[in-house]
Amino acid sequence: RLNGPGRTVLVVGRVGRLVAGWARSRAADVALALGLAVHAQIEIWWPAVALGGADSGGVKVVLVPTALAATLPLAWRRRFPFAVLCVVIGALSAQALLTVPVDGMSGLVALVVAVYSVAAHAERTRALAGLALALVAGAALIANDLADLPFDVFVIGAPWLAGYALRAARLRARELETLTAELASEREERARLAVAAERTRIARELHDVVAHSVSTMVVQAEAGDALLVEHPQRAGEAFVAIQTTGRQALTEMRRLLGLLRQGDRELALVPQPSMVRLEDLIARVREAGLAVELDVEGPTRPLPPGLDLSAYRIVHE
(Lines give C-alpha, C1' and ligand atoms only; values in the text may rest on other atoms or scores of the structure.)
Protein backbone atom coordinates (compact mmCIF):
# COMPACT_ATOMS: atom_id res chain seq x y z
CA ARG A 1 0.00 0.00 0.00
CA LEU A 2 1.22 3.49 -0.86
CA ASN A 3 0.76 6.65 1.14
CA GLY A 4 -0.12 10.04 -0.37
CA PRO A 5 3.39 10.97 -1.57
CA GLY A 6 3.94 7.43 -2.84
CA ARG A 7 0.76 7.55 -4.92
CA THR A 8 1.77 10.97 -6.26
CA VAL A 9 5.15 9.62 -7.37
CA LEU A 10 3.42 6.63 -9.00
CA VAL A 11 0.97 8.84 -10.89
CA VAL A 12 3.73 11.21 -12.02
CA GLY A 13 5.78 8.25 -13.18
CA ARG A 14 2.87 6.85 -15.19
CA VAL A 15 2.15 10.24 -16.76
CA GLY A 16 5.84 10.61 -17.63
CA ARG A 17 5.89 7.20 -19.29
CA LEU A 18 2.73 8.03 -21.25
CA VAL A 19 4.17 11.34 -22.43
CA ALA A 20 7.45 9.69 -23.39
CA GLY A 21 5.59 6.93 -25.24
CA TRP A 22 3.44 9.49 -27.06
CA ALA A 23 6.51 11.49 -28.06
CA ARG A 24 8.25 8.39 -29.38
CA SER A 25 5.19 7.27 -31.34
CA ARG A 26 4.64 10.78 -32.69
CA ALA A 27 8.27 11.02 -33.83
CA ALA A 28 8.00 7.59 -35.44
CA ASP A 29 4.85 8.59 -37.37
CA VAL A 30 6.46 11.80 -38.61
CA ALA A 31 9.57 9.90 -39.67
CA LEU A 32 7.43 7.31 -41.48
CA ALA A 33 5.43 9.96 -43.31
CA LEU A 34 8.52 11.93 -44.37
CA GLY A 35 10.36 8.78 -45.42
CA LEU A 36 7.48 7.59 -47.62
CA ALA A 37 7.05 11.08 -49.08
CA VAL A 38 10.73 11.28 -50.02
CA HIS A 39 10.69 7.76 -51.46
CA ALA A 40 7.57 8.57 -53.49
CA GLN A 41 9.27 11.63 -55.00
CA ILE A 42 12.32 9.55 -55.87
CA GLU A 43 10.03 7.04 -57.61
CA ILE A 44 8.48 9.91 -59.59
CA TRP A 45 11.63 11.84 -60.55
CA TRP A 46 14.26 9.12 -60.63
CA PRO A 47 12.45 5.85 -61.34
CA ALA A 48 15.65 4.17 -62.50
CA VAL A 49 17.18 4.70 -59.05
CA ALA A 50 14.12 3.72 -57.01
CA LEU A 51 12.54 1.10 -59.27
CA GLY A 52 15.32 0.02 -61.51
CA GLY A 53 13.08 0.71 -64.51
CA ALA A 54 11.89 3.40 -66.88
CA ASP A 55 9.56 6.30 -66.26
CA SER A 56 5.88 5.29 -66.28
CA GLY A 57 5.01 8.36 -68.30
CA GLY A 58 2.67 9.81 -65.73
CA VAL A 59 2.06 13.54 -65.48
CA LYS A 60 4.36 14.80 -62.76
CA VAL A 61 2.14 17.79 -62.05
CA VAL A 62 -0.44 15.28 -60.85
CA LEU A 63 1.88 12.65 -59.43
CA VAL A 64 3.84 14.98 -57.12
CA PRO A 65 0.93 16.50 -55.12
CA THR A 66 -1.04 13.26 -55.01
CA ALA A 67 2.02 11.38 -53.75
CA LEU A 68 2.51 13.97 -51.04
CA ALA A 69 -1.19 13.82 -50.14
CA ALA A 70 -0.99 10.02 -49.87
CA THR A 71 2.06 9.94 -47.59
CA LEU A 72 2.39 13.07 -45.44
CA PRO A 73 -0.99 12.68 -43.64
CA LEU A 74 0.34 9.46 -42.08
CA ALA A 75 2.00 11.68 -39.48
CA TRP A 76 -1.51 12.04 -37.93
CA ARG A 77 -2.55 8.41 -38.38
CA ARG A 78 -3.00 7.75 -34.64
CA ARG A 79 -4.97 10.90 -33.85
CA PHE A 80 -7.19 11.04 -36.96
CA PRO A 81 -7.03 7.49 -38.40
CA PHE A 82 -10.29 7.60 -40.37
CA ALA A 83 -9.62 11.03 -41.87
CA VAL A 84 -6.08 9.98 -42.82
CA LEU A 85 -7.42 6.86 -44.54
CA CYS A 86 -9.92 8.95 -46.51
CA VAL A 87 -7.18 11.35 -47.63
CA VAL A 88 -4.84 8.52 -48.65
CA ILE A 89 -7.56 6.71 -50.62
CA GLY A 90 -8.65 9.97 -52.23
CA ALA A 91 -5.08 10.84 -53.25
CA LEU A 92 -4.38 7.39 -54.69
CA SER A 93 -7.73 7.36 -56.51
CA ALA A 94 -7.10 10.81 -58.00
CA GLN A 95 -3.67 9.67 -59.11
CA ALA A 96 -5.09 6.58 -60.82
CA LEU A 97 -7.92 8.49 -62.49
CA LEU A 98 -5.94 11.54 -63.69
CA THR A 99 -2.71 9.95 -64.89
CA VAL A 100 -0.66 6.77 -64.98
CA PRO A 101 0.49 5.91 -61.43
CA VAL A 102 4.08 5.13 -60.70
CA ASP A 103 4.74 1.42 -60.47
CA GLY A 104 6.28 1.75 -57.00
CA MET A 105 5.76 0.71 -53.39
CA SER A 106 5.17 4.07 -51.69
CA GLY A 107 1.47 4.26 -52.47
CA LEU A 108 0.85 0.64 -51.50
CA VAL A 109 2.72 1.02 -48.21
CA ALA A 110 0.83 4.23 -47.42
CA LEU A 111 -2.49 2.44 -48.03
CA VAL A 112 -1.52 -0.54 -45.88
CA VAL A 113 -0.42 1.73 -43.01
CA ALA A 114 -3.61 3.80 -43.23
CA VAL A 115 -5.83 0.70 -43.22
CA TYR A 116 -3.95 -0.75 -40.27
CA SER A 117 -4.19 2.55 -38.37
CA VAL A 118 -7.95 2.91 -38.79
CA ALA A 119 -8.44 -0.58 -37.32
CA ALA A 120 -5.94 -0.09 -34.50
CA HIS A 121 -6.81 3.45 -33.37
CA ALA A 122 -10.40 4.21 -34.42
CA GLU A 123 -13.58 3.14 -32.70
CA ARG A 124 -15.35 0.07 -34.05
CA THR A 125 -17.86 1.90 -36.26
CA ARG A 126 -15.23 4.03 -37.97
CA ALA A 127 -12.91 1.04 -38.27
CA LEU A 128 -15.58 -0.94 -40.13
CA ALA A 129 -16.44 2.08 -42.28
CA GLY A 130 -12.76 2.49 -43.16
CA LEU A 131 -12.51 -1.18 -44.16
CA ALA A 132 -15.57 -0.90 -46.37
CA LEU A 133 -14.29 2.31 -47.96
CA ALA A 134 -10.90 0.77 -48.70
CA LEU A 135 -12.41 -2.38 -50.22
CA VAL A 136 -14.83 -0.39 -52.42
CA ALA A 137 -12.10 1.98 -53.58
CA GLY A 138 -9.73 -0.90 -54.31
CA ALA A 139 -12.39 -2.81 -56.25
CA ALA A 140 -13.27 0.29 -58.28
CA LEU A 141 -9.64 0.92 -59.21
CA ILE A 142 -9.16 -2.64 -60.51
CA ALA A 143 -12.58 -2.96 -62.12
CA ASN A 144 -10.95 -3.75 -65.48
CA ASP A 145 -8.83 -6.56 -64.04
CA LEU A 146 -10.85 -8.63 -61.56
CA ALA A 147 -8.07 -11.18 -61.35
CA ASP A 148 -6.33 -8.81 -58.92
CA LEU A 149 -9.35 -8.74 -56.60
CA PRO A 150 -8.11 -11.49 -54.20
CA PHE A 151 -4.78 -9.70 -53.87
CA ASP A 152 -6.58 -6.42 -53.27
CA VAL A 153 -8.73 -8.01 -50.54
CA PHE A 154 -5.65 -9.54 -48.92
CA VAL A 155 -3.65 -6.29 -49.02
CA ILE A 156 -6.52 -4.44 -47.34
CA GLY A 157 -7.98 -7.15 -45.12
CA ALA A 158 -4.78 -8.49 -43.56
CA PRO A 159 -3.51 -5.20 -42.07
CA TRP A 160 -7.04 -4.30 -40.97
CA LEU A 161 -7.40 -7.59 -39.06
CA ALA A 162 -3.96 -7.14 -37.51
CA GLY A 163 -4.78 -3.61 -36.35
CA TYR A 164 -8.18 -4.64 -35.00
CA ALA A 165 -6.67 -7.53 -33.02
CA LEU A 166 -4.03 -5.21 -31.57
CA ARG A 167 -6.67 -2.69 -30.55
CA ALA A 168 -8.74 -5.42 -28.86
CA ALA A 169 -5.68 -6.62 -26.94
CA ARG A 170 -4.85 -3.05 -25.93
CA LEU A 171 -8.39 -2.46 -24.66
CA ARG A 172 -8.30 -5.69 -22.65
CA ALA A 173 -4.98 -4.69 -21.11
CA ARG A 174 -6.43 -1.28 -20.21
CA GLU A 175 -9.48 -2.90 -18.61
CA LEU A 176 -7.25 -5.24 -16.61
CA GLU A 177 -5.13 -2.31 -15.45
CA THR A 178 -8.24 -0.42 -14.36
CA LEU A 179 -9.57 -3.49 -12.56
CA THR A 180 -6.23 -4.00 -10.84
CA ALA A 181 -6.21 -0.39 -9.66
CA GLU A 182 -9.77 -0.74 -8.33
CA LEU A 183 -8.91 -3.96 -6.50
CA ALA A 184 -5.81 -2.33 -5.00
CA SER A 185 -7.93 0.62 -3.84
CA GLU A 186 -10.54 -1.71 -2.32
CA ARG A 187 -7.82 -3.75 -0.61
CA GLU A 188 -6.31 -0.58 0.86
CA GLU A 189 -9.72 0.57 2.06
CA ARG A 190 -10.41 -2.81 3.70
CA ALA A 191 -7.00 -2.70 5.38
CA ARG A 192 -7.69 0.82 6.63
CA LEU A 193 -11.06 -0.22 8.05
CA ALA A 194 -9.48 -3.29 9.66
CA VAL A 195 -6.84 -1.11 11.34
CA ALA A 196 -9.53 1.32 12.55
CA ALA A 197 -11.57 -1.58 13.97
CA GLU A 198 -8.49 -3.00 15.67
CA ARG A 199 -7.69 0.36 17.22
CA THR A 200 -11.26 0.57 18.52
CA ARG A 201 -10.97 -2.92 20.00
CA ILE A 202 -7.67 -2.09 21.69
CA ALA A 203 -9.20 1.08 23.14
CA ARG A 204 -12.09 -1.00 24.51
CA GLU A 205 -9.60 -3.47 25.95
CA LEU A 206 -7.77 -0.59 27.62
CA HIS A 207 -11.00 0.62 29.16
CA ASP A 208 -11.80 -2.87 30.46
CA VAL A 209 -8.33 -3.33 31.91
CA VAL A 210 -8.49 -0.03 33.76
CA ALA A 211 -12.04 -0.57 34.99
CA HIS A 212 -11.36 -4.13 36.14
CA SER A 213 -8.09 -3.30 37.84
CA VAL A 214 -9.48 -0.23 39.60
CA SER A 215 -12.51 -2.23 40.80
CA THR A 216 -10.24 -4.93 42.19
CA MET A 217 -8.03 -2.36 43.90
CA VAL A 218 -11.07 -0.64 45.47
CA VAL A 219 -12.34 -3.96 46.84
CA GLN A 220 -8.92 -4.80 48.27
CA ALA A 221 -8.54 -1.33 49.76
CA GLU A 222 -11.91 -1.59 51.51
CA ALA A 223 -11.04 -5.04 52.82
CA GLY A 224 -7.64 -3.85 54.01
CA ASP A 225 -9.17 -0.88 55.74
CA ALA A 226 -11.67 -3.13 57.53
CA LEU A 227 -8.96 -5.57 58.62
CA LEU A 228 -6.34 -2.99 59.52
CA VAL A 229 -7.15 -2.92 63.25
CA GLU A 230 -8.10 -6.51 64.06
CA HIS A 231 -6.05 -8.41 61.46
CA PRO A 232 -3.11 -6.23 60.35
CA GLN A 233 -1.35 -9.16 58.66
CA ARG A 234 -4.32 -9.89 56.38
CA ALA A 235 -4.68 -6.16 55.77
CA GLY A 236 -1.05 -6.09 54.64
CA GLU A 237 -1.78 -8.92 52.23
CA ALA A 238 -4.63 -6.90 50.78
CA PHE A 239 -2.37 -3.90 50.27
CA VAL A 240 0.24 -6.10 48.60
CA ALA A 241 -2.48 -7.38 46.30
CA ILE A 242 -3.34 -3.76 45.48
CA GLN A 243 0.27 -3.11 44.52
CA THR A 244 0.39 -6.24 42.34
CA THR A 245 -2.86 -5.38 40.61
CA GLY A 246 -1.69 -1.81 40.01
CA ARG A 247 1.57 -2.96 38.48
CA GLN A 248 -0.23 -5.43 36.24
CA ALA A 249 -2.66 -2.73 35.16
CA LEU A 250 0.19 -0.33 34.37
CA THR A 251 2.00 -3.01 32.36
CA GLU A 252 -1.12 -3.84 30.38
CA MET A 253 -1.84 -0.15 29.79
CA ARG A 254 1.68 0.45 28.50
CA ARG A 255 1.34 -2.48 26.11
CA LEU A 256 -2.02 -1.36 24.76
CA LEU A 257 -0.96 2.29 24.50
CA GLY A 258 2.15 1.17 22.65
CA LEU A 259 -0.03 -0.63 20.14
CA LEU A 260 -2.19 2.45 19.68
CA ARG A 261 0.90 4.60 19.03
CA GLN A 262 2.20 2.30 16.30
CA GLY A 263 1.61 3.07 12.63
CA ASP A 264 -0.85 1.20 10.51
CA ARG A 265 1.80 -1.18 9.18
CA GLU A 266 3.20 -2.01 12.64
CA LEU A 267 -0.13 -2.40 14.39
CA ALA A 268 -0.18 -5.92 15.77
CA LEU A 269 -3.45 -7.76 16.24
CA VAL A 270 -3.55 -8.73 19.89
CA PRO A 271 -5.59 -11.85 20.82
CA GLN A 272 -9.31 -11.28 20.98
CA PRO A 273 -10.91 -11.84 24.42
CA SER A 274 -12.43 -15.31 24.48
CA MET A 275 -13.73 -17.94 26.87
CA VAL A 276 -10.65 -19.92 25.92
CA ARG A 277 -8.58 -17.30 27.80
CA LEU A 278 -10.80 -17.43 30.90
CA GLU A 279 -8.13 -19.25 32.91
CA ASP A 280 -5.73 -16.33 32.34
CA LEU A 281 -8.33 -13.88 33.61
CA ILE A 282 -9.01 -15.93 36.73
CA ALA A 283 -5.29 -16.39 37.37
CA ARG A 284 -4.78 -12.62 37.35
CA VAL A 285 -7.65 -12.13 39.81
CA ARG A 286 -6.28 -14.85 42.09
CA GLU A 287 -2.87 -13.19 42.02
CA ALA A 288 -4.61 -10.05 43.23
CA GLY A 289 -5.67 -11.97 46.35
CA LEU A 290 -9.32 -12.77 45.56
CA ALA A 291 -10.64 -16.31 45.98
CA VAL A 292 -12.20 -17.29 42.64
CA GLU A 293 -13.44 -20.70 41.62
CA LEU A 294 -14.19 -21.84 38.06
CA ASP A 295 -16.68 -24.64 37.50
CA VAL A 296 -17.09 -25.99 33.96
CA GLU A 297 -19.91 -28.39 33.19
CA GLY A 298 -20.03 -30.43 30.00
CA PRO A 299 -17.56 -30.49 27.11
CA THR A 300 -16.20 -27.24 25.75
CA ARG A 301 -17.12 -26.27 22.21
CA PRO A 302 -16.48 -23.30 19.89
CA LEU A 303 -18.87 -20.38 20.26
CA PRO A 304 -19.87 -17.72 17.71
CA PRO A 305 -17.50 -14.73 18.02
CA GLY A 306 -20.19 -12.37 19.32
CA LEU A 307 -21.46 -14.81 21.95
CA ASP A 308 -17.92 -15.79 22.95
CA LEU A 309 -16.92 -12.15 23.52
CA SER A 310 -20.11 -11.34 25.41
CA ALA A 311 -19.68 -14.31 27.76
CA TYR A 312 -16.10 -13.30 28.48
CA ARG A 313 -17.21 -9.74 29.26
CA ILE A 314 -19.87 -10.94 31.68
CA VAL A 315 -17.38 -13.10 33.57
CA HIS A 316 -14.86 -10.25 33.47
CA GLU A 317 -17.28 -7.81 35.13
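Visitor: Hi! Which side chain meets Asp 29 in a salt bridge with 2.7 Å from N to O?

Guide: Hello! That partner is Arg 78. Bear in mind that this is a predicted model.

Visitor: Where do Asp 29 and Arg 78 lie?

Guide: Asp 29 belongs to helix H1, while Arg 78 is in the loop between H3 and H4, so their salt bridge ties together parts that are 49 residues apart in sequence.

Visitor: And is Asp 29 buried or exposed?

Guide: Asp 29 is buried, at a relative accessible area of 3%. Arg 78, on the other hand, counts as partly exposed, with 34% relative accessibility.

Visitor: With which residue does Asp 29 form a salt bridge at 3.0 Å?

Guide: That one is Arg 77, and the 3.0 Å is the distance between the closest N and O atoms. Arg 77 sits in the loop between helix H3 (60–71) and helix H4 (81–98), and Asp 29 in helix H1 (residues 4–45), so this pair ties together parts that are 48 residues apart in sequence. Both Asp 29 and Arg 77 are buried.

Visitor: Nice. How many salt bridges does the structure hold?

Guide: There are four salt bridges in the structure. One of them joins Arg 192 and Glu 189, whose closest N and O atoms are 2.6 Å apart.

Visitor: How many residues apart are Arg 192 and Glu 189 in helix H7?

Guide: They are three residues apart in H7 (residues 149–227), which means a separation of about one helical turn. Arg 192 counts as partly exposed at 44% relative accessibility, and Glu 189 is also partly exposed, at 36%.

Visitor: Which residues do salt bridges with shared partners join into one network?

Guide: Asp 29, Arg 77 and Arg 78 make up that network.

Visitor: Let's switch to helix packing. At roughly what angle do the axes of H9 and H10 cross?

Guide: The crossing angle is roughly 10 degrees, and the axes come within 11 Å. That makes H9 roughly parallel to H10. For orientation, H9 covers residues 278–287 and H10 covers residues 305–316.

Visitor: Why give both an angle and a distance?

Guide: Because two packed helices are described by the angle between their axes and the distance between the axes.

Visitor: Fair enough. Which residues make the contact of H9 with H10?

Guide: From H9 there are Leu 278, Leu 281 and Arg 284, and from H10 there are Tyr 312, Val 315 and His 316. Sorted by class, the contact has four nonpolar residues, one polar and one charged.

Visitor: I've also got Thr 245 selected. Which helix is Thr 245 found in?

Guide: Thr 245 is found in helix H8, which spans residues 232–261. Thr 245 is buried, with a relative accessible area of 5%. Its C-alpha atom is 9.8 Å from that of Gln 220, and those two residues are 25 apart along the chain.

Visitor: Now the whole fold. How many helices and strands does the protein have?

Guide: Ten helices and zero strands. Along the sequence, the pattern reads α-α-α-α-α-α-α-α-α-α.

Visitor: What share of the residues is buried?

Guide: Buried residues account for 30% of the 317 residues in the protein. The accessible surface comes to about 19,800 Å², and carbon and sulfur atoms hold 65% of that.

Visitor: Last one! Of the contacts between residues at least 6 apart in sequence, what share joins residues at least 24 apart?

Guide: That share is 73%.

How values were computed. Residues are numbered from 1 along each chain as its sequence is written. This is a predicted model: local features need pLDDT of at least 70, side-chain atom pairs count only at pLDDT 80 or more; totals for chains, interfaces and linings use all residues. Side-chain values use heavy atoms; hydrogens and water are left out. Helices (H or I, at least four residues) and strands (E, at least two) are DSSP runs, numbered from the N terminus. Buried means under 20% relative accessible area, exposed over 50%, partly exposed in between (1.4 Å probe, protein chains only). Contact means heavy atoms within 4.5 Å. Accessible areas come from the Shrake-Rupley method with a 1.4 Å probe; for residues, only the protein chains shown count as cover. Axes are lines fitted to C-alpha atoms, for helices over the stretch in contact, and angles run from 0 to 180 degrees between N-to-C directions. Angles under 35 degrees count as roughly parallel, over 145 as roughly antiparallel, 65 to 115 as roughly perpendicular and the rest as oblique. Ala, Val, Leu, Ile, Met, Phe, Trp, Tyr, Cys and Pro count as nonpolar, Asp, Glu, Lys and Arg as charged, and the others, Gly among them, as polar.
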